[in-house]
Amino acid sequence: MHIVMIGTGYVGLVSGACFADFGHQVTCVDKDASKIDGLHQGRMPIWEPGLEAIVSHNVQKGRLTFTTELKPAIDTADAVFIAVGTPTRRGDGHADLTYVYAAAKEIAGALVKPAVIVTKSTVPVGTGDEIAKILADNHAPEGTSVASNPEFLREGAAIRDFKIPDRIVVGAEDEHAREVLREIYRPLFLNKAPILFTGRRTAELIKYAANAFLATKISFINEIADLCEVVGGDVQEVARGIGLDNRIGPKFLHAGPGYGGSCFPKDTLALLQTADRYGVPMKIVGSVVAVNDERKNKMADRVREALGGSLEGKKVGVLGLTFKPNTDDMRDAPSLSLIAKLQEGGATVAAFDPVGIDAARPLLENVDFVADAYAAASDADALVLVTEWDEFRALDLRKLAGAMRGKALIDLRNVYEADEVVRAGLSYRGIGVPVAILSAAA
Ligand SMILES: NC(=O)c1ccc[n+]([C@@H]2O[C@H](COP(=O)([O-])OP(=O)(O)OC[C@H]3O[C@@H](n4cnc5c(N)ncnc54)[C@H](O)[C@@H]3O)[C@@H](O)[C@H]2O)c1
């Protein structure tokens, strides 16, 4: 199959490289010439474990190419995937479909023979219908069809997720589109990956329903964590206790600073906008969004409390900036609101992240970006662990304590054992563990 992938970001590049690895001929197109230039020189535009190896292998095999020009790439395409961004539209929470519709229009102008146009971007229900209309209005060849194939990969584990997915969802309205997508994903059937064929609108909804459900699990356990802190429970044990129930499952039950990233915040907002537009209130998702916003805003209070009630003139070290480990993605990262609140309260911030500093720099003002965790701890009154990168798990706690001016360690991911932290001479505040008990230990 010859596949054109429009958009060479986290989803487009991973999907394009994996499709090439399956043996398909793939052309990745992006408007951003610097990304394409970099890829021609073997430089990855994103940080994703294993990506560079799979890209370079398939480039060498001649199955994967990169270009800024859609028209020449599309001549022989069986399928054209749209994997451009769908960020939150400024001001109203809707998904901004500008890039998707622009891509559809460009495809219509470039196609010389019919192809299956596949939306991989996360798009609100009905977007496929609109794409079909744009294609027809702009004289796409007769027989061109539109399908939805939402992507469920997680950054940081994207290649594994793409190659060993829990399921593949294909929403299509005609047999030809189903056949082309079945053929594209056929190599995965060996792994027994289930492929679920649905209508186009249903497939679009599945993606939002999945993300809203996962976000709900996170907000739910975060509320349980708050209760644990007051009543004397341990949220990690509660999560294990409920997660062992097969009906609930253990995943997405890690209490923390609130969800961030490029998907959950924008997709929950967009789902609410869809619900509103069709007059079907979604009170649960509305609460999930509110709980998460409030939680992110309250994380700085934990630091303030650990510092005796004021941030003024204090120095805070921050460990981890990206929204989760193993990615350089800073979109809606909890570190952003935390650092803004710390600064508002009068604190200065030194921060370290193993790979996210370049992406974080344009988003954060007056932060001292340092070279390692010990430098972030140096002379700090408090140290906050925000992103649970593996390398933070093995830090020498006594060395950290020795570098700090104050003694407060605030662990927003429950990475450390409270006893060990206290033995190293620091006070400990985790998430969802009784505050009073740990303060006393300090
Ligand atoms: N990032 C994730 O983990 C993830 C997971 C599942 C689904 N998604 C969804 O996938 C979509 C893409 O997300 P992403 O994180 O890969 O975005 P991204 O911002 O990393 O990449 C989008 C790319 O599209 C390019 N682009 C925009 N318009 C273009 C056009 N007309 N022609 C060519 N290139 C164009 C941009 O230059 C950019 O490189 C979104 O809808 C997102 O919600 C993302």
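Me: Which atom of the ligand pairs with the side chain of Asp30, and at what distance?

Reply: First, the general idea. A polar contact is a pair of N or O atoms within 3.5 Å; within protein, one atom must be able to donate a hydrogen and the other to accept it, and residues adjacent in sequence count only if both atoms are side-chain atoms. Here, an N or O atom in the side chain of Asp30 sits 2.6 Å from an oxygen atom of the ligand. Thr86 has a polar side-chain atom 2.5 Å from a ligand oxygen. For Lys266, a side-chain N or O atom is 2.6 Å from an oxygen atom of the ligand.

Me: How much of the ligand does the protein bury?

Reply: Accessible areas come from the Shrake-Rupley method with a 1.4 Å probe; for residues, only the protein chains shown count as cover. The ligand taken alone exposes 840 Å², and the protein buries 89% of that.

Me: What kind of model is this, and how are residues numbered?

Reply: It is a predicted model: local features need pLDDT of at least 70, side-chain atom pairs count only at pLDDT 80 or more, and totals for chains, interfaces and linings use all residues. Residues are numbered from 1 along each chain as its sequence is written, and side-chain values use heavy atoms, with hydrogens and water left out.

Me: Which residues come nearest to the ligand?

Reply: A residue is near a molecule or strand if one of its heavy atoms lies within 4 Å of it. There are 26 residues around the ligand, and Asp30, Lys35, Thr86, Glu155 and Lys266 come nearest. The shell divides into 8 nonpolar, 8 polar and 10 charged residues. In that scheme Ala, Val, Leu, Ile, Met, Phe, Trp, Tyr, Cys and Pro are nonpolar, Asp, Glu, Lys and Arg are charged, and the others, Gly among them, are polar.

Me: How many helices and strands does the chain have?

Reply: Helices (H or I, at least four residues) and strands (E, at least two) are DSSP runs, numbered from the N terminus. The chain has 19 helices and 14 strands.

Me: What does the radius of gyration say about the chain?

Reply: The radius is taken over C-alpha atoms, and the globule rule is 2.2 Å times the number of residues to the power 0.38. For 442 residues, a compact globule would be near 22 Å; the chain has 24 Å, which agrees. The C-alpha trace spans about 75 × 50 × 40 Å along its principal axes.

Me: What share of the residues is buried?

Reply: Buried means under 20% relative accessible area, exposed over 50%, and partly exposed in between (1.4 Å probe, protein chains only). Of the 442 residues, 54% count as buried. The accessible surface of the chain is about 19500 Å², with 52% of it belonging to carbon and sulfur atoms.

Me: Is Leu13 buried or exposed?

Reply: Leu13 counts as buried because its relative accessibility is 0%. Leu13 belongs to helix H1 (residues 10–21). A contact means heavy atoms within 4.5 Å. Beyond four places in sequence, Leu13 touches residues including Leu39, Met44, Leu51, Val55 and Phe66.

Me: What about Thr198 in strand E8?

Reply: Thr198 counts as buried because its relative accessibility is 15%. Strand E8 covers residues 195–198. The Thr198 side chain reaches the backbone nitrogen of Ala203 at 3.4 Å. Outside four places in sequence, the contacts of Thr198 are Val170, Gly171, Ala172, Ala203 and Ile206.

Me: Which residues of helix H13 are buried?

Reply: A general point helps. An α-helix has 3.6 residues a turn, so residues three or four places apart point the same way. In H13 (residues 334–344), the buried ones are Pro334, Ser335, Ser337, Leu338, Ile339 and Leu342. They pack against helix H12 (283–306) and strands E9 (315–319), E10 (348–352), E11 (367–369) and E12 (382–385). Just after H13, Gly346 has a positive phi of about 105 degrees.

Me: Where does Ala351 lie?

Reply: Ala351 lies in strand E10. It counts as buried because its relative accessibility is 0%. Among its contacts beyond four places in sequence are Val318, Leu321, Ile357 and Phe369.

Me: Which residues other than glycine take a positive phi?

Reply: His139 is one of them, with phi near 60 degrees. His139 is in the loop between helix H6 (127–137) and strand E6 (145–148), and counts as exposed at 70% relative accessibility. Asp332 is another, with phi near 55 degrees. Asp332 is in the loop between E9 and H13, and counts as partly exposed at 40%.
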